[in-house]
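The following exercises concern internal space and aromatic ring pairs in a predicted model. Each task is followed by a worked solution.

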2 protein chains.
Amino acid sequence: MSDLPRIVRTVADLRQQVAAWRAEGLTVALVPTMGALHEGHLSLMRQGAEMCDRVVATIFVNPTQFAPSEDLDSYPRREAQDVAALRAAGVPLLFAPDVTEMYPNGFSTTVTVATVSEGLCGARRPGHFAGVATVVAKLLLQALPDVAIFGEKDYQQLQVIRRMARDLDIPVRIEGGETVREADGLALSSRNAYLTAEERAAAPALHRVLVEVAARIRHGAAPAQALADAAAVLEDEGFGPVEYVELRDAETLAPDPAPGRPGRLLAAAWLGKTRLIDNIAV
Amino acid sequence: MSDLPRIVRTVADLRQQVAAWRAEGLTVALVPTMGALHEGHLSLMRQGAEMCDRVVATIFVNPTQFAPSEDLDSYPRREAQDVAALRAAGVPLLFAPDVTEMYPNGFSTTVTVATVSEGLCGARRPGHFAGVATVVAKLLLQALPDVAIFGEKDYQQLQVIRRMARDLDIPVRIEGGETVREADGLALSSRNAYLTAEERAAAPALHRVLVEVAARIRHGAAPAQALADAAAVLEDEGFGPVEYVELRDAETLAPDPAPGRPGRLLAAAWLGKTRLIDNIAV
């Protein structure tokens, strides 16, 4: 086991290993990531290991889901550390392709998902979810796992991927993994590494206000007022701009969920040069 | 065999039958069609039977590839005749879903292919190739065949599908099937049924002018002049409007193919209320 994970760089090698496992009757879970692995990612790996016989991690910082103004160049890349973390977690296979393996010359196809991609992060990051849907479709079809697991931290992304996989009839089960948090409530994120000490101290307010809004709504407060108050609190805490604090249908992400439907509170806000997102059930 | 083809209406039943064949070690060819089967379609079924152990035909008149102004409502539908033709051809399985099986409530995903979708029919039929790419991605992922076969008669469509399947890493081989023609050269098409007797008499000119252009280009004529002459001849023969007569790279469909690259001559023109297309190698 000490040589694990085996690292493959090509779709052909990935398929060969998955096919060999299938031939043995083993089931396979895929956990796509952009690397800079933290405990949140590793909890998805463990979830995969509970659900299936073998886990395949992928690390690919997908350029097509970053807008030109975004942090593609500065996004943390540290494969050696990631490999060590996967080894410690007992993950047997890492697929870490380069950009030309994923997008060879002449690549021309885009998968777009309407409805769940609209609003929230979709409104602020044009093309982001098309980039996500396209690369995830590819990863799912390259590996053809039984299950693929994505963190609920990126809740809208999870719903976009669920919708895309169902709509295109990709024969895979999509599972969400619960958000892992620091002791003070801050959701783990590779982008937390961007925060200064002062910003890091303020950052847990994002989760705290969501918990407060959820409590107020459960106790009968009007959602619109609670959400507006939450945005104001975030600004007082040093966030700005606050992109959104919204209540949505937990599955369709439609605004103003119907009574009896599960809801989801979602927020995105900047803290200095770092954009943080979080969400909780309500 | 007299009960064949077995007709399935749901993705679940389709997958069950294909999985049963796979479990026996059999290979599967998929031949997607919109029905109104003619000898062109049946030649694809025979090609599938030569390449694989089992052939799955699909019949689905896909609404998303028709523009509002187009012939979705009048497109010929005659399943009983199609089933008889498939029976005579020895095809064992027909997948004929209804629209709600393919596009259930909440369906939101679109697959678009840039470059090869642009120009030619793509310029005249907005959204057409997105509709084609999306439904074909679904059919390929529903059946997961070894091979899928599409007629070269719809040459741009074939290139769009090749590009889409390659870009999304769909694990299937895409094969083209040669255009089947009437004795006078007219390419078989379900839409030929729309032609009046007079139009039917004029229709073979479409193929004839392509053959003439190919011969002139092979003998050193300037393509631009030969193509313009061809359009003029079609108008003399009663076609109008002539949408395009163009020379393209046979694979990328880029205009002005580089010397030494295989070329393709493609044309689309109206004859009365019927839009005809054709293409040949050059």
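**Exercise 1.** How many cavities of 30 Å³ or more does the structure hold? Describe the lining of the largest cavity.

*Solution.* The structure holds one cavity of 30 Å³ or more. The largest cavity has a volume of about 50 Å³.

Step 1: identify the lining. Residues that line the largest cavity include Lys153(A), Ser189(A), His207(A), Leu276(A), Ile277(A) and Asp278(A).

Step 2: assign secondary structure. In chain A, α9 (205–218) and β10 (274–281) each supply at least two residues of this lining. The most comes from β10(A), which gives three residues.

Step 3: sort by class. The lining of the largest cavity comprises six nonpolar, four polar and two charged residues.

**Exercise 2.** Classify the ring pairs Phe66(B)–Tyr75(B) and Tyr103(B)–Phe107(B), and state whether their residues are buried or partly exposed.

*Solution.* Step 1: the count of aromatic pairs over all chains is six.

Step 2: ring centres of Phe66(B) and Tyr75(B) lie 5.8 Å apart with planes at 75 degrees, so this pair is edge-to-face. Both Phe66(B) and Tyr75(B) are buried.

Step 3: for Tyr103(B) and Phe107(B), the centres are 4.9 Å apart and the planes are at 80 degrees; this pair is therefore edge-to-face.

Step 4: burial has a cut-off of under 20% relative accessible area. Tyr103(B), at 13%, is therefore buried, whereas Phe107(B), at 21%, counts as partly exposed.

**Exercise 3.** Which residues of chain A do ring pairs link into a cluster?

*Solution.* The cluster consists of Phe60(A), Tyr103(A) and Phe107(A), linked by ring pairs.

How values were computed:
Residues are numbered from 1 along each chain as its sequence is written. Chains are lettered from A and ligands numbered from 1 in the order in which they are written. This is a predicted model: local features need pLDDT of at least 70, side-chain atom pairs count only at pLDDT 80 or more; totals for chains, interfaces and linings use all residues. Side-chain values use heavy atoms; hydrogens and water are left out. On a 1 Å grid over the protein atoms alone, a cavity is a set of points where a 1.4 Å probe fits but cannot get out, and a pocket is an open set with protein on both sides within 12 Å along at least five of seven lines; lining residues have an atom within 4 Å of a point. Grid points are joined across faces, edges and corners, and a volume is the space filled by probe spheres set on the points. Helices (H or I, at least four residues) and strands (E, at least two) are DSSP runs, numbered from the N terminus. Ala, Val, Leu, Ile, Met, Phe, Trp, Tyr, Cys and Pro count as nonpolar, Asp, Glu, Lys and Arg as charged, and the others, Gly among them, as polar. Rings of Phe, Tyr and Trp (its six-membered ring) pair if their centres lie within 6.5 Å; planes under 30 degrees apart count as stacked, over 60 as edge-to-face and the rest as tilted. Buried means under 20% relative accessible area, exposed over 50%, partly exposed in between (1.4 Å probe, protein chains only).
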